[in-house]
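The exercises that follow are meant to be worked with the coordinates open beside the text. Try each task before reading its solution, and go through the steps in order.

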Amino acid sequence: MAALKEQYVAKRKPGRPEGASDTRDMLLQSARHCFVSEEYRKVTTRAIAEHAGTNLAMIHYYFGNKENLYLTMLSETLKPFDDDLSRRLAQPEKNNLADVIMAFYKTMARFPEFPPLLMRIMQNESEVGQSYLNTFLREGILPRFQRMLADLQRREQIDPALDLAKLQVVLLSLMVHPFTMPNYFGLHDDNDPKGKDFMALGEFVASFALRAVAVK
């Protein structure tokens with residue numbers, strides 16, 4: 001996964017301009033906003049720069065081009081949850097299913113529009129980013145998530161009779177699905193910038209999951 005991140009996460013160059021960190025972050029936020037709102041091919045770097053309140057030169061400086069900006073945006077949005085899984089696997093005795101579920105909801109509640117973008121990418125073979133996401137999920141998040149479930153099962157926090165492959169599908173569906181249809185569930189609220197509705201749902205899902213997987 002380290003090589004994968006090096007390939008897709010654009011690095012800053014030496015001699016960065018004043019306010020560099022803020023500008024880079026604003027470009028990533030604006031890219032996420034623009035790419036969620038429009039298909040990749042319809043989004044221009046000029047539109048992203050204008051939304052961020054900067055100019056095209058800053059996109060070229062930090063990311064090189066539109067595709068690198070796009071892939072960096074995907075990687076850095078997913079990074080907090082990916083890092084959380086890595087930390088938990090390094091300290092298996094501290095693993096807790098409820099905490100992992102809440103870590104995902106905490107990450108995505110900041111960007112509730114992001115999971116629908118991921119679904120759009122995965123369902124469209126011509127979409128830029130599909131190869132990256134396939135690798136990121138198949139070599140990163142999914143196997144680590146299953147290893148964590150296996151560890152919890154060995155420690156009898158998950159019923160040994162449960163099929164972990166099927167359990168992983170069910171748990172990930174519970175975690176991701178609400179973000180893909182927020183309006184139908186009354187979860188989309190522009191006046192809720194901290195994602196309180198999603199966090200409350202995450203607590204419910206975590207509690208429900210613990211009861212469902214408990215050793216009988």
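## Exercise 1: The largest pocket

The largest share of the lining of the largest pocket, 8 residues, is contributed by helix α9. The model is a predicted one, and the task is to describe the lining of this pocket.

**Task.** State how much space lies in the largest pocket, which residues lie nearest its centre, and which elements give two or more residues to the lining.

**Solution.**
- Step 1. The space in the largest pocket amounts to about 580 Å³.
- Step 2. The lining consists of 21 residues, and those nearest the centre of the pocket are Leu118, Met119, Leu137, Leu172 and Val176.
- Step 3. Two or more lining residues come from each of α5, α6, α7, α8 and α9.

## Exercise 2: The chain as a whole

**Task.** Work out how many helices and strands the protein chain has, what percentage of its residues is buried, and what percentage of its contacts with a separation of 6 or more comes from residues 24 or more positions apart.

**Solution.**
- Step 1. The protein chain has 10 helices and 0 strands, and read from the N terminus the order of elements is α-α-α-α-α-α-α-α-α-α.
- Step 2. Of the 216 residues in the protein chain, 43% are buried, while the exposed surface of the chain comes to about 11800 Å², with 52% of that area supplied by carbon and sulfur atoms.
- Step 3. Among contacts with a separation of 6 or more, 69% are accounted for by residues 24 or more positions apart.

## Exercise 3: Helix α6

**Task.** Check whether the span of helix α6 agrees with its number of residues, and explain why α6 is described as largely enclosed.

**Solution.**
- Step 1. Helix α6 takes in residues 97-110, and its 14 residues should span 20 Å at 1.5 Å a residue; the end C-alpha atoms are 21 Å apart, which agrees with that expectation.
- Step 2. Because 11 of its 14 residues are buried, α6 is largely enclosed by the rest of the structure.
- Step 3. The buried residues of α6 are Leu97, Ala98, Val100, Ile101, Met102, Ala103, Phe104, Tyr105, Thr107, Met108 and Ala109, and their cover includes α5 (66-90), α7 (114-123), α8 (130-154), α9 (164-180) and α10 (196-213).
- Step 4. At the N-terminal end, α6 is capped by Asn96, which places a side-chain oxygen 2.9 Å from the backbone nitrogen of Ala98.

## Exercise 4: Two buried alanines

**Task.** For Ala31 and Ala49, name the helix that holds each residue, and find what each touches beyond its neighbours within four places in sequence.

**Solution.**
- Step 1. Ala31 belongs to helix α2 (residues 20-37) and is buried, its relative accessible area being 0%.
- Step 2. Not counting residues up to four places away in sequence, Ala31 touches Ile48, Leu69 and Met73; in addition, its C-alpha atom is 9.2 Å from that of Lys66, a residue 35 positions away along the chain.
- Step 3. Ala49 sits in helix α3 (residues 45-52) and is likewise buried, with a relative accessible area of 2%.
- Step 4. With neighbours within four places in sequence left aside, the contacts of Ala49 are Leu27, Thr54, Asn55, Leu56 and Ile59, and 9.8 Å separates the C-alpha atoms of Ala49 and Thr23, which are 26 residues apart along the chain.

## Exercise 5: Three polar residues

**Task.** Decide whether Gln168, Asn68 and Glu156 count as buried, partly exposed or exposed, where buried means under 20% relative accessible area and exposed over 50%.

**Solution.**
- Step 1. Gln168, in helix α9, counts as buried because its relative accessibility is 10%; beyond neighbours within four places in sequence, it is in contact with Leu142, Phe145, Gln146 and Leu149.
- Step 2. Asn68, in helix α5, counts as partly exposed at 28% relative accessibility, and a polar atom of its side chain lies 3.2 Å from the backbone oxygen of Phe63.
- Step 3. Glu156, in the loop between α8 and α9, is exposed, with a relative accessible area of 60%.
- Step 4. The backbone of Glu156 also deserves a note: its phi is near 60°, a positive value in a residue other than glycine. Most residues other than glycine have a negative phi.

Conventions: Residues numbered from 1 in each chain as written. Predicted model: local features only at pLDDT ≥ 70, side-chain atom pairs only at ≥ 80, totals over all residues. Heavy atoms only, no water. Buried < 20%, exposed > 50% of the residue type's maximum accessible area, 1.4 Å probe, protein only. Contact = heavy atoms within 4.5 Å. Areas by Shrake-Rupley, 256 points an atom, 1.4 Å probe, with all protein chains shown as cover. Expected span 1.5 Å × (residues − 1). Polar contact = N/O pair within 3.5 Å; in protein donor to acceptor, adjacent residues only side chain to side chain. 1 Å grid on protein atoms, 1.4 Å probe; cavity = no way out; pocket = protein on both sides within 12 Å on 5 of 7 lines; lining within 4 Å. Points joined across faces, edges and corners; volume = space filled by probe spheres on them.
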